[in-house]
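Hi there,

Here is the structure I promised to pass on to you. Have a look at it first, and then read on for what turned up in it.

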Amino acid sequence: TTPIPMAALRASREFDVVVFGATGFTGRKVARHLAKYAPQTRVALAGRSEDKLRAITEELPGNVGVIVADVFDDEQVADMASRTKCVASLAGPYAQLGLPIVRACVDNETDYCDLTGEAHFIRASADKFHAEAKSKGTRIVHCCGYDSVPSDIGALLCVDALDGDVAKIDYHAGKAKGGVSGGTIASAFGVLELPSNEIKALADPYYIADADGRGSGDSSELWGVRRTGMGMWAGPFVMAGINERVVRRSASLLKWPKSLRYHEHQLTGRGIKGLLGAIALTFSTAIGIAALAIPPLRKCIRNRFLPKQGEGPSEELCQNGHFVSTLLGESTDGRRRVKVTVKGKLDPGYAGTAVMIGEAAIALASSMPKPDAGGVLTPASALGTALSDRLNKEGTITFTVENK
C-alpha cells in the first residue's frame, strides 16, 4: 500500500492535542489551560477512569473529548495516539510509564511532549526511538515544563543572539515561590532507587547528549559556593542535574560549539548575607542528598513528610507563585555578551509548567516538522523560538533578550 503523506495523515486526526494523565494534579491544570486559552484547539483528555475524565470535562468550557487509555493496554494506547496530532503525557514516573506512550506515538507518527525530569528515561527513549522517529519526522519532546523550558529556550536565545559564537552560558535561578507535588516526588525517588551503576552513569554531564554532537567543554558539574557574573553569591541549584543535561542534548542536536560550557546556580544575594546563604544552601543540599541515600531514612521521609501522588500545592500558592531566572552568555573572544531574563507569574512547577507544556503541545500540533527534523528532541531542538514567541504572547512566562 502507498504510505499516506504526513500532512494528509495529520489533517485527518480527530484531535489536535490529547492530554494523557489528565486526572493527575498537573494534568488537570494543563486541561484547564488548553480549554480556557486555546478554545480553537481540539482537545481530548485521556486516562484510565472514564468517570473521572468526564467529571473534569464538565468543569471545562467547550467540547472536550474523552479517551479511555490504560498505559498497560497496548491497544488502547495505540488507539489514543492514532486519533491526535500530539500527545501531551503527564503520567509519571516516566521511567515506569513513559515508554509505551512514546512507542505508540512513534508507531502512529504522532508528536509527543512530556514533563519528565528523569535523565535515565530520556536516555532509554533516545536509544530506542530516536532513529525511527527521525526517519518518520515524528517529534518526541521531553522536558517541556519548568524543567527544562526556561533553561533550554533561554540557552537557545543566548546562542542565537551571539550568532552561534558562544563560549559559555551561566543560568542563575533567582527568587521563586511555589510548591511540590507527589508526582514530582515519585519521579525523583525513582531515580534514587536505581542500581548503583546506573546512578554512576547519570553523573556524566553528556549522559543524554546525541553521540554525533557530544560536547567536551564540561567535564563535571560546578558545585558549591561561588561568586557570579551578576555580582551575587550562589550555591547549587536543585534542578541543575537535569537542566544542564537537556541543554547539552540541545547543543549536540543543534550543533552548537562542542567547547560550550553551560552551568546553573541558585542565587543567594549580595554581600555577607548572600555569602552565608550560599554556604548554608551548599551544606543543606549535601546533607539532604546524604540523608536520601540511606534507604530506610528515604522511605521514612517520603511516607511521613511529603505529598502523595495526585496531591500538590494549594490553588492559592499556584496562582500566587512566581520565578525569575537570568542567563548570561559570552562569545568565544569575550567581547560580546548577552543577557536573557525569564520570568513567570505563577508557581513554576505546576501552574507555570501547565502553561509551558500546554503551549508546547499546541505548537507541535499546529506545525509540520521540517524534513529530517524528527527524533527524540528537546524544547529548543524541536520548537526553537516558536515556543518562546508563544509564551511571550500568552504572557505568563516571558523571555527578554538584552545584548550587553
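Let's begin with the empty space inside. This is a predicted model, and in it the count comes to 1 cavity of 30 Å³ or more. The largest cavity has a volume of about 90 Å³. Its lining is made up of 14 residues, and those nearest the centre are Y206, G215, A251, P257 and L260. If you would like to find the cavity by way of a helix, go to α11, which gives the most to the lining with 4 residues. Sorted by class, the lining of the largest cavity holds 7 nonpolar, 3 polar and 4 charged residues.

Next come the pockets. The second largest pocket has a volume of about 470 Å³. There are 22 residues lining this pocket, and D372, A373, L377, S381 and A382 are the closest to its centre. Which helices each supply at least two residues of that lining? They are α7 (119–136), α11 (240–254) and α16 (379–383). The largest share comes from α16, with 3 residues. By class, the lining of the second largest pocket splits into 11 nonpolar, 4 polar and 7 charged residues. Notice that α11 has turned up twice by now: it helps to line the second largest pocket, and it also contributes to the lining of the largest cavity.

Now for some helix packing. Two packed helices are described by the angle between their axes and the distance between those axes. Try this on α17 (residues 385–394), which packs with α15 (residues 351–365) at an angle of about 125 degrees, the axes being 10 Å apart. Angles of 65 to 115 degrees count as roughly perpendicular, and the angle here falls outside that range, so α15 and α17 are oblique to each other. The crossing of α15 past α17 is right-handed. On the α15 side the contact involves V355, M356, E359, A360, I362 and A363, and on the α17 side L387, R390, L391 and E394. That contact counts 7 nonpolar and 3 charged residues, with no polar ones.

Helix α17 has another partner, α8 (149–161). How are α8 and α17 set relative to each other? Their packing angle is about 115 degrees, with the axes 10 Å apart, and they are therefore roughly perpendicular. In this pair, α8 passes α17 in a left-handed crossing. From α8 the contact uses V149, I153, L156, L157 and D160, while α17 brings T385, L387, S388 and L391. The class count for α8 with α17 is 6 nonpolar, 2 polar and 1 charged. You can see L387 and L391 of α17 in the contact with α15 and again in the contact with α8.

Finally, a few spots in the backbone are worth a look. Most residues other than glycine have a negative phi, and most peptide bonds are trans. C143 has a positive phi of about 65 degrees, although it is not a glycine. You will find C143 in the loop between β6 and α8. S148 is found in the loop between β6 (139–141) and α8, and a cis peptide bond with omega of about 20 degrees joins D147 to S148. The peptide bond from G92 to P93 is also cis, with omega near 0 degrees. P93 sits in the loop between β4 (84–89) and α5 (94–97).

Enjoy exploring it!

Key. Residues numbered from 1 in each chain as written. Predicted model: local features only at pLDDT ≥ 70, side-chain atom pairs only at ≥ 80, totals over all residues. Heavy atoms only, no water. Axes fitted to C-alpha atoms, helices over the stretch in contact; angles between N-to-C directions. Parallel < 35°, antiparallel > 145°, perpendicular 65-115°, else oblique. Left-handed = near helix turned anticlockwise from the far one by under 90°. Contact = heavy atoms within 4.5 Å. Nonpolar A, V, L, I, M, F, W, Y, C, P; charged D, E, K, R; others polar. 1 Å grid on protein atoms, 1.4 Å probe; cavity = no way out; pocket = protein on both sides within 12 Å on 5 of 7 lines; lining within 4 Å. Points joined across faces, edges and corners; volume = space filled by probe spheres on them.
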